[in-house]
Structures are given as C-alpha cells and as structure tokens.
Amino acid sequence: MKTNYLDEHLIAKLSQIPIKPLSLAEGLFKGRHRSKKSGEEVEFKEFRPYIQGDDLKKIDWKRSARQETYFVKEMEDELNYKVHLIIDQSASMDQGGKDEMSKIEYSKYLVAALAYLFVKQGDQVQVSSFSNRFHSIFKSSNNIQKMPLLVESLNHLSTQGVSDFYSLIGKARPLRSDKMILFLLSDLICDPNTLHSCLAKLSSPKVKIILFHLISPDELNFPFKGDVHFLDPESNNTFSCNAGQIKNKFKAHWERFCNDLQFWTQKWDMEYRSFNTQTHYSENLLDFIKSYHLKP
Amino acid sequence: MNFLFPLLLIGAVLALIPLILQIFQRLRKKKILFPAIFLFKEEMLEANQSIKLKNNILLLLRVLLVLLIVIIMAKPMTNKEFRFLEDEKTRENILLILLDNTKSMGFISQDKTLFQRALNQLKMYIRELPLQNPVVIEELATDPSYPIKLLDSKEKIINRLRFIHLGSAKIPFAKRVKQLCKEIEKERLLSKALKLLFQQMNQHKEEWIIKLTARAEQNGKNSKIHSIISQLVQHSSASKSFFESLFDATIKDDLFSDTLELLYETLKMSDLITKVHETLSKIDSGNNKKPVLSRNDQIELLNEMKAKNWVLKRFKKLIYEMAKEKNIKKVMEVMAHTTKERSLKEIIVFSDFQKSEWKGIHFPPSIRLTLIKLGETHPANLGIVKVHTDQDIQLAYQGGDLKVNIKNYGSQSADGTISIFLGGQLKHEKQIALEPDEEKSVQFNVVSQTDQRAFGEVRLTNIRDEYNEDNHHDFSIYIKKKVNILLLKHRDFPIANNSLMWSIQSTYRKALSNIRFHNKIGMINKYDFIITNRVTQLRKEEVRLIRSHIEQGIPVFIILNQRDEAFRVRSILEKLGLSGGINVVKRMRFKSRQTMVVSDKLNSEHDFYKLFVMDQSHRNREATISWKVTLKSIFNVRFNNNQYDSLLKAGRQDLLIQSSVRSRNIFLWTAGINGLNSNFMNNLWYPLIINWIFQEGLRKYLRHQGDIVPELRKSYTKESNLLAYSRDELESMYQNMGLSSLNLPVDTKKWLQSEVMTHLDYKSQSNGLLEKLFFIIIVLIFFLELIFSYPISVKGWLKKALTKT
C-alpha cells in the first residue's frame, strides 16, 4: 500500500508560516530569498543607518545628506541554494513501537515535508539515502510538479544493511559544490569514533549540515523490566540480560553519546536536532522551523 | 541407596518439565529491536553470559528440586539403614519379626488365608534382606519361650516358618511386645556384662592366675591342674590374653575344660560380677537417650539380672561351649560371638490389624517400626468399642448405668454374649447379634452394695477364640452413701436446701440417700461440696477452710451477687488463691444496669463458659419442655398451661448468666436478670436460675473429673490435632504429667490404634534424618531459586527500607 508522505495538513500549516527572509538568508533557506552577504550584488535591498565599522564606500551620501545621518546602502544577490536531504536506511532505522512510527517512516515524512517546503521556495532539492551504500532517490530539482515522484521513491525505500557514514563522503556533497544545505536524518547508530570522523570530513564552510537525530522513546526512557532479549538489527545478534540491572548503565552511556554528539556538531558548526519519534513529526518540524525564525 | 516406594521414582520424569519449559521459553521469547545496545556491547556480552549462567543454574536447581521431592516421596533408605546396622564387629542389631498367627489370620481372601499370604510376604522379605545380623521371629498366638532364639541365617528363618500355625493368643499383644523388648534388652545387657567380665580378666591377668592357683589348691582334687596353673605365670606373656594363656598351658594335657570349670568356680566366689553389675547400671541407665525400655523397666531388668544371677549362668553356658573347642581361634570366636552387643533396632509386624489387638501397644521409640497389613476385609468379629462408665455412677446410691458399645468389625453378621462381672461375680448376661459394621449400645444397671470402689469387667464372648483386648473391658464404680455440703449463704439467699439437693440429685441422676447441709463450719473437717453466695462476707476461718478444700480438689461453687463490690470480690478471691485465673469486674452494662462480670480475657488456664444468654429469639419447643420439667421438679408443683406461659414469658426477659471454671474444682458464676424486682415471677425465677446453673456447674465439674489428661482434653475434640502428635511427643507429654504410657486413657488408645492404621500405608517408618536433610536441601534450593529468579540488590533494598522508615 502506498503511503502519501506529503501530509496535506502539514503542508497547509507550512504554507501559513510567514518566513522571514532576513533571518533565513544568513545561511539556511536561501532560494527565493535574498542573501545578506555583500559582494558583486546587483539589486538594491535597503538603506540602513551607519554603524561603526561599516565600509565607508557603502555610505549613500545622497540619502545621508537628506536625512542628516549616515545611511548605508545595501545591495543583494538572488541566489539559488541546493538542499540535500539524506535518509539513513540502515536496518536499525526499523526501530519503533506498536503505537509509534518506525524511525524510517518518521524520516520519510520529514523528508517529504522538507522537500516540499524547499521546492516551493524554488530551491534545488535532492533526496538520497545511505546504508552500506549511497543511493540517490530524487534527483536535484526545484520543480514542484515532481513531488509525486519523490513520494513514489520514498514508498520504495526500505531498510537494509548497516549504516556506513563513510559512504556519504564524496557523495553527499560534490567536491566543487556550491553552497548547500545538507540534512542528515539518522539514528546515528554507528561507532562514535567513525561517526565523529565522518562528520568532520563532511563539514565544510560551504555546507550547512543539519543533523536530525531520531530517538525512539525506548532509548530515552528505557522502560524494560526483567529479563529481556535485545536484538541488534544490524549485526543480528541477540543479547539477553536483566533490564533492571543495566538500566542505569545504559542511561549513562546514552547521555554521554548524546552529549558527545552535541559537542562535536557544535565544534564543526553543524546544527544538531534530536527528534523523539513519539512526538508527531509535524510538531517537531514546525518547532524546528520556528526556532530558526526566532534566532537572532 | 534403596527406596521404599521405588515406583514413585517414575516421577523423576517430572524433572523434564523445567527443561521443557525452559526450551519452550527460549523458543517463544520475545525479541526487542534495540539498536542502541551497540553503545555498550561489551557489557551486554557480559550480562548475556551471566544471564545464561543464571538460567542454567535455575534450570539445574529446578531439576534438582523436582528430583529431590521425588526421592523424598520414594522414601530413601541407605543400605546401612536398610540393614539398620552399624557395621561393627562387636555390635549387632536385632530384627524382630512379629507374626500374627491368631485365628483371625485364617480368614480366606483371594483363595488364600491371610496367614499364608503373610508367610509368603515374609519369605520374600527375608530373601531380599542382606542378612548378616540375627533375626527373632515371634508368633503372637504361640506361647513364648525365653530366652529368645536368634536366627542368623536365611535358611534357619525359612525353616522356622514351617513350624508356625494358627492358634489362639493367650497373652495380650502389648504385654507380649513389652516382654520381647525386655528379653532382647536382656540379651544385650548379658553380652555387655560378659564383655566387661572378659575385659576385667584380661586387664588383671596375673591377679586372676593367682586366684585360680589358690582355687586349685583349695580344690586339691586334680593336682595336675594345680601344677599347670602354678606354671601359668611363666606361660603367660603380655601379648596373650588371659584365655589364650589358659588355653596354651592346658590344652596339651587336655585339661582346658577342667580349668574353665575351675575358673567358673573362682568367678562365683569373686566380687567381679558385682562390679560388672555396678558398671552396667552406670552405663545403661543414663547414657542412652532413647532406650528400648523405659528407665524404670531398665532398672528393674538390671535388678532382676543381679537377683537371678543371669551373668554367671550365661558365663557357665559360655565356658561349656568354649570347653568343646580344641582350637584357640574357635574359642575366641565363641567368645566374640557371645560378647557381641545385640540391640533391638527394628520391628516388622505382619498382621491383619483387625479390631484393636494393637490398641495401647507401646513400641520403643528408638526402633524402626514396619507394619505390614494383610487383607482389606474383616472376618466376622465383634468387639467392645467403648464402655461408658459414666462418672455419675460414682456417687450413685443404687448403682449406675453402664453403657457398652459393641461393634461388628467384620464383613459377615455375627453374634456373641456380653457378660458383666462385678467383684468377680457374674451380674448380667446378654445376647447380641450384629450386622456387618453395625454398632449397638447395650445398657446395664450396675449395683454394688459396697461403700468402696468396686471393680468390674465387661466380657464379650463370640466366635473368635483368641485373646483380644476388644473382648475385655475393666471398669470401676464407687459408692458413697453420705454427702456433706457446706452452704455459706446470705440470710436472704432465696434457694431452699431441698431445691439444691434436687439439683445435685438430678445431676447425679440417681438419688443420693443422705445429703446433709451445713450452714456453719466446725462440725466436720471435710465437706463434699462447698457452696457460697457471700464471698465478700466470708470469715477468716471460712476462707481458710475453703482454700484448703480448693487445694484438695473438692468442688467449690461461688455465686457472685450483683450487689457485691468488684474489688472486694477480687481481694477475697485472691485470699482463696484464685487470683491467677479469675478477674472480676463490674463493667458490662447489661440492659442499662451494671453487671458483675467474670472476665474471660485474662488467663488462658481459666475456662470460661457463657452459660446462658436468653432472649426473645430462644423460642423452641424443647427448651420450653425442659423448663416445664425443671419448674415442676424444683417446686414440686404442677402449673397449668397459663401459669407456665406466664412463667416462661417472664423468663424470656433478658437474662445473662455466665460462669467460669478454674482448674477442676472451682466453679464461679454470676447471673444477671433484667428488671429483677419483688414480684412473684422474678422471685420464682432467681432460684430457678441458680439451680439451673448449679446443675450446669456440677455437670462441668464431673466432666472435668472424668478427664485424665487435661492438656489433651482440647485435642480430643479434634481428632486430627491429636493425630498430629508424634508418638514421642505424646510419650513425653504423658511423662510430664506423671503418667506411664501404659495407662493410656481410652481416647488415647483409640488414637494409638488409628496411628497404627495410618502407618499401614507405609511399609516402614520414615527415615527421619535423611528426609530432614533432603527437606533442608529443598528449602535451600527454593531460596536460591528465589534469589536467582528475582535478583534483589540488597544494598538498594536496605536503602529504600531505611529511607521509608
């Protein structure tokens, strides 16, 4: 059965959000919006009062003379940024309870919504997946007509293999790429050292990496009791243990893991977001967008 | 290891259950997809291993648990226990086989008599026995012959069985068993005595050679012996025993037997045997915790041994046997054989356990008892179930009723004759015929002219020609002609002496000829009853007299008045020595009046009865009739129906009577009547009630008199409770009460019988030690299982508990 990952309600909500061009132009949602960066700009953007440190060349003397204060004339360039959405399709993404979505499903919905949002803004959106290998799901396009194709491809996407973050290097962003935004949706189940080194390699001044860490409530709360048999889907190993005995150990490990992630992503100027899969994806997404809007 | 019920070992298959469950669990265990375990894989591997280990341990424990339970049910017996032996050369344990060959064993069931079946079973049993130790076979219907014959080979035993036939028992089984135990104990003591004798002779060898020389000199008949013995000192060496030296010196001249005779004569004159007796009494009277005989019997036996000179006699017999031997080895063998300490360790009984031949039988507690029952159905048999010598008979003037319950235990109808003998004279005879399982009660009026205790016997003659306890029952009656009653009462005590007399007479059922009431003390020293309703106004001498009567066990009836002050009652009761068990308070409010209450909550030794709480709901015909009769009897007046009704109506106004009995002879009661005033009805009622409860009290007193073991009285009501006592417990209970086990009360005999019957399901007594050990292991396993299956962090738990508190 095919699932329409483009939720109409969410789309409606997303369309209602008034996106502030200025706040976004800093590095994220460029596309239709204007870049704040000065350079070989062609179009006038605005006048603003002179602040100490501004280039004297930029002072619009005419305006300044009229108003008797210094004004700076700002120009801007219309840019089209590439957005690359990458889904982790490793077996571990199957995790999910009876009442909640599996991580892969969750990320599919997120990707669909994000893609729609960007395409609608005129950005080039590309969607890929990775596990052992890197797969392109949706070729770079800014045509909103192609959204059904994306949904179709997402429907075909299933979990397999082990997440190998090395497969991302060189594929996730072209060597001589333009500026781009890279969304990585994953549970980040991988050797922490490997993960850190891969993320380090991915980071680049031209790329804004946004990491969506999908966390299941089981991982957050560890609700198990008594003797349990845990299955590691990637290695297919079963481990039996007493949940009560290892609960504290697990929580400590988990906390350290998340803290490490936050530390490294901060270090490499990445955006780290942890999404609890119990919360509806639309809520998480809207929160994320809103928080970007509010950023100074 | 042997098992009593090896078939039950099939149950070991059950041990597969935990195994199957574990496999099943493993198959259907639910796996949880949880990739995050990658975070601490190493620790998980560790935990995984530990849980696997835990599961394996649990599996092992569970399998063990099942196996142990199965083993415990199969009743394990180690070879040693099966042989009931300590494998020592100098000790031997005797197996006593009691074979019931009384006529009831001739009952044919399944084409064979029970006796034949018993023989077959016994033969099989003997073949199975790893027999090295002596066996004593005793037929209960054959006259016993002592000393007992020890059979030490299977062939001898089987041979012996050929000469056993059915007969009539002349001696009660209990007596026979006791005698057998005594005989076996006698054998043991004799062997021990001989051993001590030989030890002494060896230790003081030179002294004995001198003694022997002196004796030979005195004898002077055979100068050769004299010369040989005088040279014996040279022959003897430290390594040789006294007898070896004796043998070596005399055997060449063929004088060994003569020397032994000389030795016998020397021993007769010496004080060695007295010494041996002393040593024996020291060893055997105090050390053994569970002797075959009771301590008194043991001492008696030792005295008998001394008096009848058994040791010397046995010594003579022994030297006769030794003298026949021409080889020192053989001589020593004979000696060793005789000095083996043989003690009774096991009794096996083959019987049909019909009726109650086995009632009151006392098996020594230290031996293993195996009862083998033959035949399920009974031959036609009558037996006395119970002779009810109603305690009322004790004071009966014209004799009393003797109720004899006869039952047909058999499977066919049977008839017999009941004869009542009193003082050896036949007083009554009655024919009785009963259907199978039928029980009948026959009543006789027994009259005695004596003023003392008269002893009688109930005898039942029927088709069974064998000694049987069921067919005999002894009873005794006691006739007392004069009864003195001390009645200390208020002037306004509303009860006439005559009506009290009537109460006593009606309680004792037969009229007493001479009841005399004393209202003052001093006339005589001892009264048969004391009744008082003025506790608070007793004089010092009266208190002293009552107290001495209480101590003597004479019934004292104390009626508490509602108007008495509670504290004064208490203080006087204290003076009477009753404070321990009785507390009197004025606390209960009964129909808006304060009522004197005898508290029932203070002391457990204080039996408390709420005799009578009457209210409107008590309206049954029987009660009405009984009240009518009572009224008529007390007042000797015939009331018409209307009068009865009005009386009953008045009586049914709320009425509270309670009473308490402390120890056996104190009867204390208090009565409360609502709305007591001076009208005719109530004035009528008060004496009525007092009489009524006086009768109740008397009845209770008599009931107490009838109980031999007061502690057991409570248990009588619940047979199961009584059965819960082990034989040893009961024994010790009896000893504590200063009763010997042979004077078991009727009910206890019944208990013992039923205990014997319950034992029939087992081939043998349980092996206590091994079972206890297994039980402890099972508990331990269970505990371990708990720990493993629910791991509790003790620290955390403690912390939690502490924070909670």
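Two strands count as paired if DSSP finds at least two bridges between them. With that rule in mind, this tour moves through a predicted model, beginning in chain B.

**Stop 1: the hairpin of β12 and β13, chain B**

Select residues 414-422 of chain B, which form strand β12, together with residues 425-434, which form strand β13. The two strands run antiparallel and are joined by 9 bridges. To locate one position of this ladder, display B:Gly416 in β12(B); the residue standing opposite is B:Ile432 in β13(B). Next, move to the turn, where 2 residues lie between the strands. B:Gly423 is in this hairpin and takes a positive phi near 55°. Finally, show the surroundings of β12(B): 8 of its 9 residues are buried, so this strand is largely enclosed by the rest of the structure.

**Stop 2: a β-α-β unit, chain B**

Remain in chain B and select strand β19, residues 529-532. Display the side chains and note the two directions in which they point. B:Phe529 and B:Ile531 point one way from the strand, whereas B:Ile530 and B:Thr532 point the other way. Are these four residues buried or exposed? All of them are buried.

Add strand β20, residues 556-560 of chain B, which pairs with β19(B) in the parallel sense over 3 bridges. The bridge partner of B:Ile530 in β20(B) is B:Val556. To follow the connection, select helix α16, residues 540-552 of chain B: the chain passes through this helix on its way from β19(B) to β20(B). The resulting β-α-β crossover is right-handed.

**Stop 3: three helices, chain B**

Select helix α7 (residues 205-219), helix α9 (residues 242-250) and helix α10 (residues 256-269), beginning with the first two. The axes of α7(B) and α9(B) come within 10 Å and cross at roughly 45°. This angle makes α7(B) oblique to α9(B), and α7(B) passes α9(B) in a right-handed crossing.

Now turn to α9(B) and α10(B). These helices, residues 242-250 and 256-269 of chain B, pack at an angle of about 135°, with their axes 9 Å apart. The two helices are therefore oblique to each other. The crossing of α9(B) past α10(B) is right-handed.

**Stop 4: a loop residue, chain B**

Select B:Asn309, in the loop between α12 (295-307) and α13 (310-324) of chain B. Although B:Asn309 is not a glycine, it has a positive phi of about 55°. B:Asn309 is partly exposed, with a relative accessible area of 32%.

**Stop 5: the open sheet, chain A**

Change to chain A and display the 6 strands that form an open sheet in the order β5-β4-β3-β6-β7-β10, with mixed pairing. Which strands lie at the edges? They are β5 (134-141) and β10 (271-276) of chain A, each of which pairs on one side only. Neighbouring strands of this sheet are turned against each other by 15° on average, direction ignored.

Within the sheet, select strand β3 (residues 82-88) and strand β4 (residues 124-130) of chain A, which run parallel and are joined by 7 bridges. A:Ile86 stands opposite A:Ser128 in β4(A).

**Stop 6: A:Leu188 and A:Phe239**

Select A:Leu188, which is placed in the loop between β6 (180-186) and α6 (192-202) of chain A. A:Leu188 is not a glycine, yet it has a positive phi of about 60°. At 0% relative accessibility, A:Leu188 counts as buried.

Then select A:Phe239 in strand β9, residues 237-242 of chain A. A:Phe239 is buried, with a relative accessible area of 3%. Display A:His229 as well: A:Phe239 and A:His229 are 10 residues apart in sequence, and their C-alpha atoms are 5.4 Å apart in space.

**Stop 7: the cysteines**

For the last selection, display the cysteine side chains. A disulfide is a covalent bond between the sulfur atoms of two cysteines. How many disulfides does a search of the whole structure find? The count over all chains is 0.

Select A:Cys190 and A:Cys198 to examine one pair. The closest cysteine sulfur to that of A:Cys190 is in A:Cys198, 6.5 Å away, which is too far for a bond; the cut-off for a disulfide is a pair of sulfur atoms within 2.5 Å. A:Cys190 counts as buried at 11% relative accessibility. In chain B, select B:Cys181, which likewise counts as buried, at 3% relative accessibility.

How values were computed
Residues numbered from 1 in each chain as written. Chains lettered and ligands numbered in written order. Predicted model: local features only at pLDDT ≥ 70, side-chain atom pairs only at ≥ 80, totals over all residues. Heavy atoms only, no water. Buried < 20%, exposed > 50% of the residue type's maximum accessible area, 1.4 Å probe, protein only. Right-handed = clockwise from strand over helix to strand, strands pointing away. Axes fitted to C-alpha atoms, helices over the stretch in contact; angles between N-to-C directions. Parallel < 35°, antiparallel > 145°, perpendicular 65-115°, else oblique. Left-handed = near helix turned anticlockwise from the far one by under 90°.
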